[in-house]
Amino acid sequence: MKFMKLGSRPDTFYTSEAIRSVSSEVSSDLIIQVKGSRYLLHKFPLLSKCLRLQRLCSEYAETSQHQIIQLHDFPSGVEAFELCAKFCYGITITLSAHNIVAARCAAEYLQMTEEVEKGNLIYKLEVFFNSCILHGWRDSIATLQSTKAFPQWSENLGVTGRCIETIASKVLTHPSKVSLSHSYSRRGRDDVSCNGAESLRHGKPGNKGWWAEDIAELGIDLFWRTMIGIKSGGGRIPSNLIGDALKIYAAKWLPNISKNEYSKQAASTSDSDSDSGNDLTSKHRLILETIVSLVPAEKGATSSSFLLKLLKAANILNASSSSKMELARKVGLQLEEATVGDLLIPSVPYEARGTRYDVDIVMTILEQFKLQGQSPPTSPPRSKLGNFQRRRSRSAENIDFEFQESRRSSSASHSSKLKVAKLVDVYLQEIGRDVNLPLAKFIAIAEALPEFARVDHDDLYRAIDIYLKAHPDLNKSERKRLCRILDCKKLSMEACMHAAQNELLPLRVVVQVLFFEQARAAMAGGKVTELPSNIRALLASHDIDPTRPPPPLSASSIIPAEDQWSVSGLKSPKSKMSTLRMKLEEDDDLDDNGIGRSSRLKALCLLPTRPKRMLSKLWSINRSSTTASEKN
């Protein structure tokens with residue numbers, strides 16, 4: 001920390017009966033009242049350096065031995081006034097980054113300029129500020145922090161602007177060229193005089209983001225202005241470092257803001273002191289919205305997890321809609337990096353019949369995600385390729401290379417859709433447990449992604465099963481509407497076995513599951529060359545290739561024990577028969593393709609009996625029960 005000493009006389013100020021005075025052989029003739037304090041001083045040393053005091057003394061006639069002057073609008077505190085008074089008496093004063101702003105404002109108010117006396121206090125303060133304070137990183141930060149006590153005066157004097165400009169330039173400068181003087185992240189007792197004497201060593205920044213922790217000490221207004229200065233440096237600071245600085249600042253000034261405890265703390269605070277509670281919420285809201293405005297536009301500048309935490313905080317603090325939409329847009333650009341826990345954004349305020357999680361904002365995120373890119377190309381566009389060859393005269397090898405590079409970038413977009421589909425399906429499993437979640441919102445989330453994004457439908461089936469268990473009051477049409485989003489052709493063997501005995505599913509779904517699995521099993525056995533015509537027509541109506549092997553089992557997440565599939569019941573043929581019999585008793589209508597229940601069962605009966613993978617026990621039990629009844 002750099003400092004400067006002015007004056008040589010010892011300090012002779014003292015306090016007597018709540019009045020500050022100075023020891024002198026000459027009797028005092030001036031009383032100055034500042035901020036509730038009274039000073040008994042002398043005219044000569046003060047008026048010789050303070051133009052304002054000269055004018056005030058000339059305006060008020062002396063009515064007694066002491067002339068009284070009141071400084072009601074003095075900008076700084078009594079410490080700053082006493083500093084200026086001691087300078088007038090020639091008493092030694094020490095200036096540093098902590099008190100230079102207060103002294104500068106006080107000297108400006110008292111008009112201690114060069115017009116009154118050469119080498120006056122304002123001149124000395126400016127020299128020290130420009131030659132010492134602004135040259136050190138730590139001194140610039142400390143000085144900028146002190147301006148918040150005198151915002152208007154500091155702004156008018158240019159102190160705030162010069163500090164911000166200096167700090168931004170030092171961030172943009174190579175770290176080895178920055179004089180730290182001492183940093184918040186390397187706390188110590190390094191003191192450096194303005195003459196260059198250094199009491200201890202000062203450290204060097206260890207990484208590219210060395211400045212982030214120090215900037216985080218600033219108030220939100222000064223932080224915003226400083227970050228704007230840094231971002232306007234022509235892109236010399238990578239966007240990810242900007243994102244790291246925002247994350248550090250949010251961790252410092254928004255602690256536990258996205259947790260449920262914050263709502264309880266705010267409630268307890270508002271009960272005891274409503275005004276202070278509202279002020280705290282308003283402060284946090286301002287900080288949040290300012291951070292959101294500073295998030296770089298580049299993808300990957302901040303993590304999806306951090307952005308979604310900000311979005312949770314925005315819900316809790318009731319931030320502006322524009323801030324929420326901006327966060328949703330930026331999350332949508334990199335949604336594949338998010339986790340299910342990140343997407344579980346609590347609804348605030350939580351009502352008795354309201355949903356537990358904010359599904360609408362997640363739907364907005366998915367809509368923003370869908371706005372990116374298209375599916376990957378399968379072949380290069382020939383017309384464009386030919387024009388490109390004629391215009392650039394490049395070889396075929398170069399063109400193929402560029403096409404492969406473009407396809408690779410498109411494939412990244414395609415792979416992100418596959419990841420997001422897995423993420424959405426597991427998210428549906430979590431929100432499906434909410435008894436207040438409307439069916440329409442559940443289906444809207446499930447249908448938000450294109451069909452090709454789901455390689456298999458196992459996770460989606462889990463989500464549907466969980467939703468059906470949490471909503472037992474759904475009627476038949478609602479259950480059928482829910483199950484329309486499920487593609488039975490994309491279910492694994494384990495999923496099919498579970499669905500076959502799931503009493504919550506409509507009959508149409510169970511029959512589809514049994515039919516498609518048995519058809520694939522028959523063709524995979526290699527002992528039949530062709531399926532009957534009616535079965536082939538049914539397969540064609542569902543756009544399925546019976547020779548294609550079933551998709552592999554999904555293993556995207558860990559499911560709670562109560563929601564895990566159990567196929568132990570399938571070991572008992574009776575359980576499967578009872579389930580199917582119950583389904584057959586339902587009064588199910590025709591499905592979307594116009595194939596009724598009877599035609600499906602006839603098709604099932606015409607299937608080859610070998611290889612018997614799924615329904616062998618079912619048919620054997622059926623035959624044995626029929627024979628026994630005939631004998632009786």
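This is a short walk through the structure, one selection at a time.

**Before you start**

You're looking at a predicted model, in which local features need pLDDT of at least 70 and side-chain atom pairs count only at pLDDT 80 or more, while totals for chains, interfaces and linings use all residues. Residues are numbered from 1 along each chain as its sequence is written, and side-chain values use heavy atoms, with hydrogens and water left out.

**The whole protein**

Show everything as a cartoon. The protein has 28 helices and eight strands; helices (H or I, at least four residues) and strands (E, at least two) are DSSP runs, numbered from the N terminus. Of the 632 residues, 47% are buried. Buried means under 20% relative accessible area, exposed means over 50%, and partly exposed is in between (1.4 Å probe, protein chains only). Switch on the surface: its accessible area is about 31800 Å², and 51% of that belongs to carbon and sulfur atoms. (Such areas come from the Shrake-Rupley method with a 1.4 Å probe; for residues, only the protein chains shown count as cover.)

Now think about contacts, meaning heavy atoms within 4.5 Å. Take those between residues at least 6 apart in sequence: 75% of them join residues at least 24 apart.

**Stop 1: strand E1**

Select residues 2-6 and show the side chains. Which ones point to the buried face? Lys2, Met4 and Leu6 point to one face and are buried, while Phe3 and Lys5 point to the other and are not. Add residues 93-96, which make up strand E7. E1 and E7 pair in the antiparallel sense over four bridges, and the partner of Met4 in E7 is Leu95. To count as a pair, two strands need at least two bridges found by DSSP.

**Stop 2: the five-stranded sheet**

Next, find the open sheet whose five strands run in the order E2-E3-E5-E4-E6, with mixed pairing. Its edge strands are E2 and E6 (67-71), each of which pairs on one side only. From one strand to the next, the twist averages 25 degrees. Zoom in on E3 (residues 19-22) and E5 (residues 37-41): these two run parallel and are joined by three bridges. Click Ile19, and you'll find that its bridge partner in E5 is Arg38.

Now bring in helix H3. H3 packs on the sheet and touches E2, E3, E4 (30-34), E5 and E6, with a direction about 5 degrees from that of E5. For that angle, axes are lines fitted to C-alpha atoms, for helices over the stretch in contact, and angles run from 0 to 180 degrees between N-to-C directions.

**Stop 3: salt bridges**

How many salt bridges does the structure hold? There are 20; each is a side-chain nitrogen of Lys or Arg within 4 Å of a carboxyl oxygen of Asp or Glu.

Stay on H3 and select Lys86, whose salt bridge with Asp11 has its closest N and O atoms 2.9 Å apart. Lys86 is in H3 (residues 78-89) and Asp11 is in the loop between E1 and E2 (13-16), 75 residues apart. Lys86 counts as buried at 14% relative accessibility, whereas Asp11 is partly exposed at 47%. Add Arg20 and Glu82 to your selection, and you have a network of salt bridges linking Asp11, Arg20, Glu82 and Lys86.

Then jump to Asp456 and Lys422, another salt bridge, with its closest N and O atoms 3.2 Å apart. Asp456 lies in the loop between helix H20 (439-446) and H21, and Lys422 in helix H19 (residues 396-431), so the pair ties together parts that are 34 residues apart in sequence. Is each partner buried or partly exposed? Asp456 is buried at 7% relative accessibility, and Lys422 is partly exposed at 28%.

**Stop 4: helix H21**

Move along to residues 458-470. H21 has 13 residues and reaches 19 Å from its first C-alpha to its last, close to the 18 Å expected at 1.5 Å a residue (1.5 Å times one less than the number of residues). H21 is mostly covered, with 11 of its 13 residues buried, including Leu460, Tyr461 and Ile464.

**Stop 5: two single residues**

Finish with Thr166, in helix H8 (residues 159-172). Thr166 is buried, with a relative accessible area of 13%. Not counting residues up to four places away in sequence, Thr166 touches Leu134 and Ser140.

Last, click Ser320, in the loop between H14 and H15. Ser320 counts as partly exposed at 27% relative accessibility. Show Glu289 too: Ser320 and Glu289 are 31 residues apart in sequence, and their C-alpha atoms are 7.7 Å apart in space.
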